[in-house]
Amino acid sequence: MEQMITAVMSLAAIGSGLGVVLGVAARKFAVEGDSRVEEIVAMLPAANCGQCGFPGCEGAAQAIVEGEASPTCCPPGGKVVALAIAGHLGITLGDDDMEEAPKIAVIEDAICIGCTKCYRLCPSDAIVGAMKQLHGVFAEACTGCNQCADKCPTGAITMQPLPATAGTWVMPKPVMAA
Amino acid sequence: MAHVVIPPIRRLLTRWGIHPDSHKFPAAGLDIADAGLPPLLVLPLSQQAGAPARPVVKVGDHVLRGQLVAEAVGHVSAHVHASTSGTVMAIGDAPMPHPSGLPGQGITLRPDGLDRWVQRDVEPYPINLAPEEIARRVAAAGIVGMGGAAFPAAVKLALGQRSSIHTVILNGSECEPYLSCDDRLMQERAGDIIEGARLLLRATGAQHLLVGIEDNKPDAIDAMKLAAHPYPEVSVVRIPSRYPMGAERQLIHTLLGVEPPAGGRAADVGVVVHNVGTAAAVWRALRHGEALTERVITVAGGAVAAPRNMRVRVGTPLSWLVERAGGLTREPARLVVGGPMMGVAVPDLDVPVGKGASGVLALTVAEVGEREPSACIRCGSCVVACPVGLMPLEMANRINAGELGQAEDIGLRDCLTCGACGYVCPSRIPLVQYFAHARGELMARERERKRLDEVRELTEARTARHEREAREKAEMHARRKAERAAAQAAEAAAKVSATQEESA
């Protein structure tokens with residue numbers, strides 16, 4: 001009888017002890033979702049423009065982590081973001097699926113009616129303007145997310161590659177004979 | 001003058017480098033001519049390493065020679081001065097000596113022909129000035145490194161003041177083929193150079209001054225030895241002729257046997273290197289109060305009729321210089337500003353020369369010697385030639401495969417882009433172009449990454465602002481509602497009390 005009580009008591013003690021340890025561990029080392037998703041979200045431009053076809057940057061990050069989307073799916077981020085994500089997840093990017101030069105929004109002066117639709121939409125405050133005044137784009141702050149162009153009633157906004165200057169020019173890669 | 005000789009063992013152990021045909025004559029044998037005043041000058045705003053200068057004059061202003069026309073912006077930049085008296089015709093895009101051929105910002109000046117100077121502060125004994133005052137005046141004169149990189153001289157002096165410097169090295173190696181401007185300057189203005197170098201010595205607080213001159217310039221060595229004779233702290237040293245001896249690290253190693261750490265500066269081993277032309281400009285600036293408005297440039301190349309070294313105003317167009325050198329005898333295959341190894345190929349003769357331009361070359365097809373590249377045969381010639389001890393073929397392979405990060409791991413950042421590897425390559429692979437491409441690409445990515453980070457911050461700030469506005473709006477609504485409710489309650493209470501009074 002006594003032996004049985006000892007066995008039951010000791011097993012109960014071990015069980016409850018381990019239970020406490022597991023309970024504490026579950027709280028202390030809790031993982032909310034996939035940590036990689038958050039890391040990728042931090043790398044994306046946060047424009048939530050939807051050009052990737054996913055609901056916002058978080059959706060895109062989820063898809064990239066699950067392997068449903070390529071790191072190159074983000075047009076505003078372009079090459080830089082694609083390379084950073086690929087490096088982080090250990091994916092190799094092909095040469096051809098790389099986006100070319102980054103594009104920014106350009107407003108055609110003659111067609112802009114000053115409706116302020118674009119500047120209220122712009123996720124990075126890159127457009128400046130007022131009612132019935134000509135709007136302008138800060139090239140440094142524009143990611144080329146295309147949201148303004150979609151909403152422009154007169155089609156005055158187009159996405160154009162950044163103009164090459166002596167300061168941003170890069171020596172072309174030599175063409176190698178086979 | 002102390003006698004310093006390079007230990008023979010160091011000479012024997014030095015394996016790097018190449019020995020290209022020098023092509024220095026006939027220009028090296030003729031004295032420096034004056035190039036005169038061209039009808040128009042274009043002063044580039046970005047002729048120094050670092051940030052472009054900001055114009056301080058307006059179109060239509062009349063300026064005098066040596067007058068400040070654009071001021072330095074930020075820590076690494078240099079002032080730009082008018083190189084003659086005249087009228088500012090335009091400020092804006094102009095053709096510039098840049099490998100892309102893209103225009104850059106410049107100030108166009110029409111000389112009035114009088115060449116009047118601004119008020120110059122003559123200082124009979126500049127060696128008595130305090131080190132900080134020397135550095136300040138060097139900055140005010142807009143002096144940059146005259147060897148080609150055009151790094152602002154005053155910034156280098158300030159770096160020297162922060163770390164303890166024991167030796168100033170004067171670079172008179174002029175290892176690039178064709179160029180002989182430093183050679184001629186040392187022969188004709190040795191006194192200016194030594195005096196200027198002593199000022200640099202005082203400004204940095206160093207004790208020794210070593211002048212390194214390649215042994216293919218015996219006349220320059222003699223002239224400099226004569227000028228250095230009275231000063232015990234100055235030594236003129238004969239160094240072996242090989243390319244790239246004029247590179248900072250290679251020169252330091254040859255003269256002192258020490259090597260600055262990778263990614264570090266010469267100041268880390270207590271050394272600072274200046275070009276001989278810079279020393280001469282420092283002397284002109286401090287003794288005579290003259291800002292940097294002219295320099296000596298070698299105009300040479302197989303297509304030039306009469307190659308010559310010339311004293312050239314900053315901003316003079318190439319076409320004027322070529323004309324002064326007798327014009328072109330045939331169609332040049334390539335126009336280069338700087339030396340043939342590290343200079344900038346320019347599309348036409350419209351571009352002006354800046355403070356850092358040491359040569360203007362019009363090269364013939366035979367001199368360029370371009371051939372279709374063929375496959376790498378892994379001979380290892382480039383590895384032997386590399387002055388930094390890198391493996392150019394491996395780096396080029398990785399860059400070709402798009403693995404820029406790997407190329408960086410095996411030393412892309414330490415590459416001088418001196419071109420020795422491409423010069424010896426039997427397959428004529430444009431190795432330096434690979435490295436220049438990779439570096440530019442890495443820099444562009446870094447720039448873009450920074451820009452996107454800033455945009456992210458803007459986006460987050462906007463989201464936060466919108467949330468705050470929504471919250472404030474909601475709070476205001478709640479407050480108004482509460483106020484309305486309170487008002488209604490008060491009204492109702494008043495009504496009740498009124499009816500009670502009535503009934504009473």
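## A tour of chain B and its contact with chain A

Start by selecting Gln48(B), which is buried, with a relative accessible area of 5%. Bear in mind as you look around that this is a predicted model.

**Stop 1: around Gln48(B).** Show the cartoon as well, and you will find Gln48(B) in the loop between strand S2 (41-44) and strand S3 (54-55) of chain B. Which backbone oxygens does its side chain reach? One belongs to Leu45(B), at 3.3 Å from the side chain of Gln48(B). Another is the backbone oxygen of Ala51(B), 2.9 Å from a polar atom of that side chain. Now display the neighbours: leaving aside residues up to four places away in sequence, Gln48(B) touches Ala53(B), Ser77(B), Ala78(B), Val80(B), Val144(B) and Ala150(B).

**Stop 2: the whole of chain B.** Zoom out and colour chain B by secondary structure; there are 15 helices and 17 strands to pick out. The radius of gyration of chain B is 30 Å, well over the 23 Å that the globule rule gives for 504 residues, so the chain is more spread out than a compact globule. Turn the view along the principal axes, and the C-alpha atoms fill a box of roughly 125 × 60 × 50 Å. Colouring by accessibility is worthwhile too: 48% of the 504 residues of chain B count as buried. If you draw a contact map, take the contacts in chain B with a separation of 6 or more; 73% of them join residues 24 or more positions apart.

**Stop 3: where chain B meets chain A.** Bring chain A into view and select the residues in contact: 32 from chain B and 39 from chain A. Together the two chains bury about 3,000 Å², with 61% of that on carbon and sulfur atoms. Highlight Arg451(B), Arg456(B) and Arg462(B) next, as this trio supplies 20% of the area that chain B buries against chain A, more than any other three residues.

**Stop 4: salt bridges and polar contacts.** How many salt bridges are there between chain B and chain A? The count is 2. For one to look at, select Asp125(A) and Arg462(B), whose closest N and O atoms are 3.4 Å apart in a salt bridge. The two chains also have 15 residue pairs in polar contact, both residues being at pLDDT 80 or more.

**Stop 5: the elements behind the contact.** On the side of chain B that touches chain A, helix H12 (392-400) and helix H15 (431-503) each supply at least two residues. Select H15(B) to finish, since its 19 residues are the largest share of that side. Coloured by class, the side of chain B facing chain A shows 14 nonpolar, 9 polar and 9 charged residues.

Key: Residues are numbered from 1 along each chain as its sequence is written. Chains are lettered from A and ligands numbered from 1 in the order in which they are written. This is a predicted model: local features need pLDDT of at least 70, side-chain atom pairs count only at pLDDT 80 or more; totals for chains, interfaces and linings use all residues. Side-chain values use heavy atoms; hydrogens and water are left out. Contact means heavy atoms within 4.5 Å. Buried area is the accessible area (1.4 Å probe) that two parts lose on being put together, summed over both. A salt bridge is a side-chain nitrogen of Lys or Arg within 4 Å of a carboxyl oxygen of Asp or Glu. A polar contact is a pair of N or O atoms within 3.5 Å; within protein, one must be able to donate a hydrogen and the other to accept it, and residues adjacent in sequence count only if both atoms are side-chain atoms. Helices (H or I, at least four residues) and strands (E, at least two) are DSSP runs, numbered from the N terminus. Ala, Val, Leu, Ile, Met, Phe, Trp, Tyr, Cys and Pro count as nonpolar, Asp, Glu, Lys and Arg as charged, and the others, Gly among them, as polar. The radius of gyration is taken over C-alpha atoms; the globule rule is 2.2 Å times the number of residues to the power 0.38. Buried means under 20% relative accessible area, exposed over 50%, partly exposed in between (1.4 Å probe, protein chains only).
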